[in-house]
Amino acid sequence: GINAEYMGGVVTSIVGMSRKISFVSGTKLGDRLFEGVSKIFQAAKVPVELTKATAKNCTGKHILAGPLCSSGEAELANRFGLSSKVTLGVNSGLYPASIYPTLPAISVRNLYAISNPTFKSSVIPIDKNDAEHQIAAQKSIHSFFAAEARKSLANSLQLACNSAMERKADRSSILVVHKPLGDQTSVFDDIFSQVAKAETDARADELRSRSITVEFTSIAKAWPRLVMYPETIAFIVFPSTQHGFEMEKLFVGLCGGTGMAVQRLTSLEKSVAVYTCNNADDNENPTGMLTAASDLLVALGLNDDATKIGKAVQATYASKTVPKDLPGGDSTLEAFFEAVAKKL
């Protein structure tokens with residue numbers, strides 16, 4: 001059913017009181033998801049009050065969000081030092097009639113390139129009268145961002161490796177998708193390849209002792225592997241480059257579409273987490289959003305409430321109420337939320 005706990009989380013206890021949690025909306029669909037999740041929390045008598053916020057003014061260690069655009073992701077990553085966007089499919093057990101397979105893998109996309117656009121084009125206008133100083137300043141900026149990029153990329157790789165070691169599986173495989181060094185690669189591609197190799201080489205013995213393998217591959221080879229042999233991959237890691245976005249789109253599609261993916265913006269330290277979904281603007285399936293809300297409740301120590309909502313979603317699917325964005329479904333977003341609320 002719904003997997004409401006993945007990639008760790010900070011657990012706190014709030015007993016006998018209502019806690020205000022920021023909900024980052026930003027779009028019309030986000031506003032509708034805010035209303036729907038608020039309805040579910042009220043029906044389940046969850047001691048949490050959602051308050052609308054933006055990426056610039058949201059607060060707290062735990063934040064709920066509707067679908068995020070690139071600028072929203074960048075703002076949150078910058079404000080809270082978040083290195084990674086973790087994506088997990090929620091199709092298993094909910095919609096057995098789906099044409100999509102159960103995807104056991106978890107994807108980890110680094111956020112540095114998108115949250116620090118200056119790194120990609122830190123060009124300073126050079127004054128002819130002070131060219132030497134300006135060129136030195138430009139090199140300094142590039143050096144700073146390169147160092148920051150290495151830290152962020154290492155954080156994402158460590159997050160994936162640590163999570164793989166926490167899994168109780170006989171074998172786990174981490175697939176690192178990168179472009180080979182040199183030909184037609186950006187500076188960021190090169191840094192990602194270097195950091196990924198350095199991090200995994202440094203932990204080779206530790207990973208080997210847990211039967212965890214790390215494989216480096218290009219996007220051309222990763223796509224067919226993910227489509228044909230998804231069970232052979234536990235984690236797939238990629239950067240915020242063009243090929244990284246393409247891999248994420250493919251991953252979400254294999255999960256069952258944008259409404260069937262739950263996401264978390266996080267870091268190795270897990271000091272702040274943003275729980276979100278991946279719905280396209282025209283996708284009204286709220287399953288991913290409800291799963292993100294359940295993950296939030298687990299992180300707040302409200303496991304029973306998260307379980308209650310998860311069972312209500314399962315019961316709604318079992319009663320043949322299926323979101324219209326899934327094959328055979330005809331339920332609108334509001335109608336699906338209403339059906340889940342009645343199960344509570």
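Biologist: How many salt bridges does a search of the whole structure find?

Modeller: The search of the whole structure finds 14 salt bridges. Keep in mind that this is a predicted model. The general idea is that side chains of opposite charge can pair when their charged atoms come close.

Biologist: Which residue forms a salt bridge with Arg 109?

Modeller: Glu 73 does, and the closest N and O atoms are 3.1 Å apart. This pair links distant parts of the chain, with Arg 109 in strand S5 (residues 106-110) and Glu 73 in helix H2, 36 residues apart. Arg 109 and Glu 73 are buried.

Biologist: And where do Glu 148 and Lys 151 lie?

Modeller: Both are in helix H4, three residues apart, which is about one turn of the helix. They form a salt bridge with closest N and O atoms 3.5 Å apart. Glu 148 counts as partly exposed because its relative accessibility is 27%, and Lys 151 counts as exposed because its value is 58%.

Biologist: What about Glu 284 and Lys 324: how do their side chains meet?

Modeller: They meet in a salt bridge, at 3.8 Å from N to O. Glu 284 lies in the loop between S10 and H9, and Lys 324 lies in the loop between H10 and H11, so the pair ties together parts that are 40 residues apart in sequence. Glu 284 is buried, at 15% relative accessible area, while Lys 324 is partly exposed, at 41%.

Biologist: Which residues are linked with these two in a network of salt bridges?

Modeller: Arg 32 and Glu 334 are linked with Glu 284 and Lys 324 in that network.

Biologist: Let's turn to the interior. How many residues does the largest nonpolar core have?

Modeller: Here the general idea is that in soluble globular proteins, nonpolar side chains tend to be buried together. In this model, the largest nonpolar core has 68 residues, and those with the most contacts inside it are Phe 41, Val 48, Leu 50 and Leu 64. Helix H4 (residues 131-166) gives the largest share of this core, 10 residues. Across the chain, buried residues make up 54% of the 344 residues.

Biologist: Which residues of helix H11 are buried?

Modeller: In H11 (residues 333-343), they are Leu 333, Phe 336, Phe 337, Ala 339, Val 340 and Ala 341. These buried residues pack against helices H1 (28-43), H9 (287-299) and H10 (303-318). You can read helix H2 (residues 70-80) in a similar way: Gly 72, Glu 73, Ala 74, Leu 76, Ala 77 and Phe 80 are buried there.

Biologist: Let me try a single residue. Is Ile 174 buried or exposed?

Modeller: Ile 174 counts as buried because its relative accessibility is 0%. This residue is found in strand S6 (residues 172-177). Leaving aside neighbours within four places in sequence, its contacts include Ala 160, Cys 161, Ile 212, Phe 235 and Val 237.

Biologist: Next, strands. Which way do the residues of strand S3 point?

Modeller: In S3 (residues 62-65), His 62 and Leu 64 point one way, Ile 63 and Ala 65 point the other way, and all are buried. S3 pairs in the parallel sense with strand S1 (residues 19-24), over two bridges. Ala 65 in S3 is the bridge partner of Val 24. S3 also pairs in the parallel sense with S10, over three bridges, and His 62 stands opposite Ala 273 in S10.

Biologist: Where would I look for a positive phi in a residue other than glycine?

Modeller: Try Lys 45, whose phi is near 55°. Lys 45 is found in the loop between H1 and strand S2 (48-53), and with a relative accessible area of 70%, this residue is exposed. Lys 270 is another case, with phi near 60°, in the loop between strands S9 (261-266) and S10 (273-277). A glycine with positive phi is Gly 81, near 65°, which follows H2.

Biologist: Last, the surface. Which residues form a nonpolar patch there?

Modeller: Val 227, Met 228 and Tyr 229 form one, with about 310 Å² of accessible area together. Val 227 lies in helix H7 (residues 219-228) and is partly exposed, with a relative accessible area of 45%. For the whole chain, about 15,400 Å² is exposed, and carbon and sulfur atoms supply 52% of it.

Terms used: Residues are numbered from 1 along each chain as its sequence is written. This is a predicted model: local features need pLDDT of at least 70, side-chain atom pairs count only at pLDDT 80 or more; totals for chains, interfaces and linings use all residues. Side-chain values use heavy atoms; hydrogens and water are left out. Patches are made of residues with over 30% relative accessible area and no salt bridge: like charges are joined within 9 Å, nonpolar side chains (Val, Leu, Ile, Met, Phe, Trp, Tyr) within 5 Å. Accessible areas come from the Shrake-Rupley method with a 1.4 Å probe; for residues, only the protein chains shown count as cover. A salt bridge is a side-chain nitrogen of Lys or Arg within 4 Å of a carboxyl oxygen of Asp or Glu. Helices (H or I, at least four residues) and strands (E, at least two) are DSSP runs, numbered from the N terminus. Buried means under 20% relative accessible area, exposed over 50%, partly exposed in between (1.4 Å probe, protein chains only). Contact means heavy atoms within 4.5 Å. A nonpolar core is a set of buried Ala, Val, Leu, Ile, Met, Phe, Trp, Tyr and Cys residues joined through side-chain atoms within 4.5 Å. Two strands pair if DSSP finds at least two bridges between them.
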